[in-house]
Structure formats: structure tokens, C-alpha cells
Amino acid sequence: MAMGVTSVVLLAIAITFTLMSTATPQQQQQQQEQPHLISRIAFGSCANQSSPQVPIWDAIVDFKPQVFIWLGDNIYGDIRRPFRLFGTQRTIGPWKNVPRFVPSSEDQMISNYHIAKTNHGYSRLRNISKVIGTWDDHDYGLNDAGKEFPHKHTNQRLMLDFLDEPHHSPRRKQAGVYASYTFGPQGRQIKVILLDTRYHRDPLRSDGTILGTAQWAWLEKELNGGPSAITIIGSSIQVLSNLSACTGPLFYLESWGRFPSERKRLFNLISDSKRDGVFFISGDVHFGEITRFDCATGYPLYDITSSGLTQAVEKVIPSFLHFVLQFLAWFTPTTVRVMNNNCKHKSCTYGQPNFGVIEVDWDVNPVRLRFEVRGVSGEVVHSVTTSLSELGARNIQMKAGDHKHCSLEVDLPWLVRRRLAILFSFVVAVVIVVQVVILYVVISLMVKCHRKCKRD
């Protein structure tokens, strides 16, 4: 009897071993790897490899993200010439005769990527997090460049090398670095869709395409594919905010809003897909903010902008003038920026180095999402808390007060939209008048002095 039991046990072990040994490599990998639940994601953009980076990487590592997402300008690979109003190398003004930005050589791009990749803080992050990403203009190779840039093929390879993209990856064979990833177990999956807003983009002011035909077809397939609890769309440029509508003609920022037909197509694609739990993350502008648009998909669309890890607007002017930037940020009209009590500044923008955070609490019902912009010490400078039920067209009943963010900057009255330019013109006019008055007073005094001297 004992021998019979022993034989049965040995036979069972043998069968199990045989089944495991005959399983396909894919089946064996699925047996060995169970998807981990993802609840902490960090992201950022605009990291100059030549700038100090230790504090910001320390803060990100302390957050312990399971996934980190690059949103572009992962290095500054192009060469920026200095401001010159006069001389043979004039870089600004309507009389400029040379471009302000020029591309680097391939060797210099490789060197820049090496500096960025071997940074101690970033190396620590790579050891604890899955790192994915897309690019923007300065790592694409040239400021504000689009599909016309001649070195995009080479720079795509260098960027994918920086991200340790496998040699057999489809990203190395396609035109553009767009990609998607799915993390987490069934029912609690997070899908990350990373767009390429450079490789196929038509010129600014053209209202042409941003993504190009092939990428649009791919994006439609991704949005209509298998379900996920959360879908994050990463864009190197802002999707919701279009500050250029309010800052022009003084200066302009790149954004989807400058391609209104493309942005409308993006909103319609998300709406038609009936996909819930979609929101955006973005970079590029050198400040952090959170924006919201309520009237595109049947539920609020958020865009969490983090920019930059090293490059930020308040770093380029003396600290005693920071209040001026904060005032101008508050004074510039916006229809989509989230203004709440969780902001460090009244404008609800943050102009110092920063990174973005997404935290998901899967253990509550409904699942809770927290979006944050954090500073170099890890402090929260702006945050929004929402839930998956709020980001679902079938689950939400929009109240009258929930339509606060239902218009875009271009819909503002002209006087409101252009008030920054009006303020600037007024200040310039006052300065000119004051200078004329001072000059008049000085000349008058000189004339009086001259007459007095003659009489004497």
C-alpha cells in the first residue's frame, strides 16, 4: 500500500515537471511574472544635463515611484546662441540674421545623453522604478522643430538608446517614438499612452497635423482596445491650456491649442471610444500647473503639467523679481486652470523646479486619484483629488456648477484675452512719458542755467 502511494506521488511529480518543461517560453514567463499593482507614478520634463540635478532626483526617489515617465526635453541637445541685438551674429529682433538655436552633432548628442544617464540621482531612480518616456523639441534636436527636422531618424535611435529600448522593439522600426504600456493586474490596469508630438508635426500656425496619419490610426486603435481602469495620455506639450491665446502677441507657447482642429479630433476620439478614466500629463512650459476641461467627453479631462526638473521660469530672473512673474501668471486669463486652496501661490502655477505625481488608492470605493505638482524638497505645491467614478461618463451626473471649465481661452472676450498685452503697452507708454517728462525737465533746467550764466 505504501509503495502504491509513493508511486502515485512520483508519477504526479513527473507529469507536473513534463508539463512545465513543455510549456512555451511565453507561458513560462506568464507563470513566473504576475503583474504588480501600480499605485505611485512620477513624471517630469525639461532636465538640462549640465544643470545641478541632485535635489530633484532625491525628492523623486524619496517618493518611491513604481513608474517614472519622461515627457520630453530629457536632455538639451541643441545649441543655444546668446542674445545679440547688434553685430554680425544678431539672434533676436526682426533684424536677426542667424537662428538662435542650432542642432548639435551626433557625437555631442551622445555625450549629452551619457551625462544625463550617468547622473547619480537618475541612476538611483532607474534602480527602483520602471522608466519610460517620449521626447520634446530639445532632445528631438532643435527648439520648436517639427517634421522638417533632417536629423530626426538618427536622434530617434539615440533617444531610444537612452531609454534602454530593446533592439527588437517596434519603436525602433516605426517613424516616431510613440508607444503604449499596460501595468497592473486585470481589473486594476493602468494604460500609459505616450504620444510623439514632433516627428510628424506640421509648422506652427498652420493648424495642420501634430501626430500624422499613422500615429492617429495607432492612437485610435489603442483607445478602442482592451479596457483599463485608468488611461494616462502623455504629451510633451500641453493639451488643455492654450496660454498663447492670451499672451500673444508678446510671446507664444507651443500647445495643442495652437492646432485647434487636432485638439478637437483628440477630444472626439476619446469621447467616441467610450473610454473612462482618461487624463493627460504634459511638460514643456517651464512651470507646473493642473488644468481641467469639462465639456469634451462627458466627464472632466485633467492635464497635469510638470516642467521642469531643472529648467523653470523663476530660475532665469533674480529672486526679488519672482513676485512679478507670480503676478503676471495670476493676471494672465485662463479658463482651464484649476484654482483651489491647495496651491502654494495665488496663480496656482509653480515656477520653480518641479515634478509630477499620480497616486492611486485602490483600497477605497470608489478608487481615489490624487494629482500633484511637487517641488525640489518633495513638498506639494498644487494638488487635486478626484475619483474614478468622477472620470466616467456613465457614472457622473454633471451639475450646473460643474461646468466651470467648459470654455477655452480662445472663447474669452477680446479685451479680457489681450489684457496682458494691454498692460504691457500701458507700462511701456508710462515709461516713455516719464522719460519724456524727465528729459523736458532736464533740458528746461539746462536752459535756465545757461540764461542765468549769461546774465551773470
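According to the UniProt annotation, from an unreviewed entry, residues 420-447 are a "transmembrane region". Keep in mind that what you're looking at is a predicted model. Over residues 420-447 the chain is 100% helix and 0% strand, with its end C-alpha atoms 40 Å apart.

Now zoom in on the surface there. Which residues form a nonpolar patch? They are F426, V427, V430, V431, V434, I438, V442 and M446, and together they have about 700 Å² of accessible area. Take V427 from that list: it sits in helix α13, which runs over residues 419-455. V427 counts as partly exposed because its relative accessible area is 42%, and the partly exposed class lies between 20% and 50%.

Next, the charged pairs. How many salt bridges does a search of the whole structure find? The count is 17. Here are some of them:

| Salt bridge | N to O distance |
|---|---|
| R171 and E165 | 3.2 Å |
| R370 and E372 | 2.4 Å |
| E372 and R374 | 2.6 Å |

R171 is buried, at 3% relative accessible area, and its partner E165 is buried too, at 12%. R370 is partly exposed at 29%, while E372 is buried at 2%. E372 and R374 are both buried. Elsewhere, D136, R198, R201 and E254 are joined into one network by salt bridges that share partners.

Last stop: N48. You'll find N48 in the loop between β1 (40-44) and α3 (54-63). Is N48 buried or exposed? It is buried, with a relative accessible area of 16%. Leaving out residues up to four places away in sequence, N48 touches Q53, Y76, T310 and Q311.

Methods:
Residues numbered from 1 in each chain as written. Predicted model: local features only at pLDDT ≥ 70, side-chain atom pairs only at ≥ 80, totals over all residues. Heavy atoms only, no water. Patch = residues over 30% accessible without salt bridge, like charges linked within 9 Å, V, L, I, M, F, W, Y side chains within 5 Å. Areas by Shrake-Rupley, 256 points an atom, 1.4 Å probe, with all protein chains shown as cover. Salt bridge = Lys/Arg side-chain N within 4 Å of Asp/Glu carboxyl O. Helix = DSSP H or I, 4+ residues; strand = E, 2+ residues; numbered from the N terminus. Buried < 20%, exposed > 50% of the residue type's maximum accessible area, 1.4 Å probe, protein only. Contact = heavy atoms within 4.5 Å. UniProt positions renumbered as here; feature names shortened; annotations may be inferred.
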